[in-house]
Amino acid sequence: GKIIIEVFASDNLPPLYAASYTEIKNLLVDYRSAAAGNLEIRYLDPKVNGERISTLDIQPVQFNTVGEDQLQIQQGYLALAIMNEDESKKEKIDYIQNINDLEYQITSFISKIKSAAKPSVGFASGNGEKGLFTEYAYIQQILASEYDMKTVYLKPASGTADAKDETATSDLNLAQYNLLVISAPDENYDEASLKQINDYIKAGGNVIYLDDTLVIDPTTAAISPIQNAGKLLSSYGATINADMVYDLQNNLPVSVTETVRTPYPFFVFAEKDVNAKDTIQFLPEGLVAPWAASLNLDSNWQWLYTTSQAGGKQTGAIDINPQTSRPNQNLGYVPLVALRKTDNGGTLVIAGSSLIFEDRFAGPIQENAVLALALFENMAKGRGLSEIKAKNLMGSQFTYVDPKIKQIVNYGAPISTAVLL
């Protein structure tokens, strides 16, 4: 059916808001041109449409402007409402404040009105995994409007559940999820949970598996291996190695003092593989992979992100101090994120670091957040909004950190606090 957009804009808007209104009308012209007669746009004068405004529960706003050295306050409207023809579904924006985000908001509302249900995404919980509302809260925030995201309890082999997420459901009917995300479980799952995961994959289910094979002690910065980590997808030809990848060419600099910064090879700026464009749409050109492990893959897997040809791997006793030099022998491309299409139409993605989607990295490093958008869009059969959302998230290419963000990574006592620059 037809979608209707009603726009309410007061007369004599202050110049800044009048300019925004012009941009709004230009954007809506583009929507109408693309809609092939399925979109009706109505411009309604708030002065003579008070009853309609009340019906839609649109609230007036105060426009603050500075004129003749004094603050001037003007009350009015710059709002829109989107609905279907019988108005059984309606969405509204009381105050169109962010023009840059408006395209995403309109498209999202139209999609929501026309769609029956959001795709469902399950986040594994109960075994120490990274949490949807804890470590991955930023990802949850930017995706919640487009996906029905839930935590699902998967039992660890020891039977001792991690209780940090009390919202997890014990329903092991994984078939209800368009996508299952498993991030850094503490140990192996029990046989029943593993069977559910494997049955889900064999039935064409989609899985993102992120894991860490080494743990960094927060007080001593000592490195130790995590037993049995990185093996969840071993029967599908992929494991995560017990090593730490570095890149002598593509990496992020960090501050070691207030005035000194140095390249940090363990914060790899991973490049999109040349063939990755054929597998997932809208992938960012790169991402930051902190303290990541390499992947051991059979021929069924496609690399998505790798180091440069100056990539290397360290095992055993690893010193993560930024001022420690790294070996420059036996270098080459090292895979960090990879994808496999299964026989029944599913998609598996594996990454050697659970940190890439953590708030402390996905927040300031927008490429990492855009990767989450792209994977969810393609694997969970999203509603086609990831490209618009990615455009809004990204500023200039690879501008990483807001000046207010400080002390993003604390190495512990032996090393001073480092920040991404």
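Which residues form one aromatic cluster? In this predicted model, the cluster consists of Y246, Y264, F266, F267, W291 and F361. The paragraphs below begin with these rings and then turn to the charged side chains.

Across the structure, 11 aromatic pairs are found. One of them joins two members of the cluster, Y264 and F267, in an edge-to-face arrangement. A pair of aromatic rings is described by the distance of the centres and the angle of the planes. For Y264 and F267, the centres lie 4.9 Å apart and the planes make an angle of 75 degrees. This pair counts as edge-to-face because an angle over 60 degrees places it in that class. Y264 has a relative accessible area of 0% and is therefore buried. F267 is likewise buried, with a relative accessible area of 0%.

A ring may also have a charged group as its partner. The charged end of K25 is placed over the ring of Y21, at a distance of 4.5 Å from the ring centre.

Charged side chains also meet one another. A search of the whole structure yields 13 salt bridges. Among them is the bridge between E6 and R42, whose closest N and O atoms are 2.9 Å apart. This bridge connects distant parts of the chain, since E6 belongs to strand 1 (residues 3-9) and R42 to strand 2 (residues 39-44), with 36 residues separating the two. The surroundings of the partners can be read from their accessibility. E6 is classed as buried because its relative accessible area is 2%, under the limit of 20%. R42, at 28% relative accessibility, is partly exposed.

What else surrounds E6 in strand 1? Leaving aside residues up to four places away in sequence, E6 touches R42, L44, R52, L56, A79, L80, A81 and M83. With one of these residues, R52, the side chain of E6 makes a polar contact of 2.9 Å.

A second salt bridge, between D11 and K47, has its closest N and O atoms 3.7 Å apart. Here too the pair links distant parts of the chain: D11 lies in the loop between strand 1 and helix 1 (15-34), K47 lies in the loop between strand 2 and helix 2 (50-56), and 36 residues separate them. D11 is partly exposed, its relative accessible area being 40%. K47 is exposed, because its value of 67% is over the 50% limit.

A further salt bridge is found between K195 and D199, with 2.7 Å between the closest N and O atoms. Both residues belong to helix 5 (residues 191-202), where a separation of 4 residues corresponds to about one turn of the helix. K195 is exposed, with a relative accessible area of 51%, whereas D199 is partly exposed at 33%.

Some salt bridges share partners, and in this way E6, E40, R42, R52 and E87 are joined into one network. The network thus returns the reader to E6, the buried residue of strand 1 that forms a salt bridge with R42 and a side-chain polar contact with R52.

Note on methods:
Residues are numbered from 1 along each chain as its sequence is written. This is a predicted model: local features need pLDDT of at least 70, side-chain atom pairs count only at pLDDT 80 or more; totals for chains, interfaces and linings use all residues. Side-chain values use heavy atoms; hydrogens and water are left out. A salt bridge is a side-chain nitrogen of Lys or Arg within 4 Å of a carboxyl oxygen of Asp or Glu. Buried means under 20% relative accessible area, exposed over 50%, partly exposed in between (1.4 Å probe, protein chains only). Rings of Phe, Tyr and Trp (its six-membered ring) pair if their centres lie within 6.5 Å; planes under 30 degrees apart count as stacked, over 60 as edge-to-face and the rest as tilted. A charge sits over a ring if NZ of Lys or CZ of Arg is within 6 Å of the ring centre and within 35 degrees of the ring normal. A polar contact is a pair of N or O atoms within 3.5 Å; within protein, one must be able to donate a hydrogen and the other to accept it, and residues adjacent in sequence count only if both atoms are side-chain atoms. Contact means heavy atoms within 4.5 Å.
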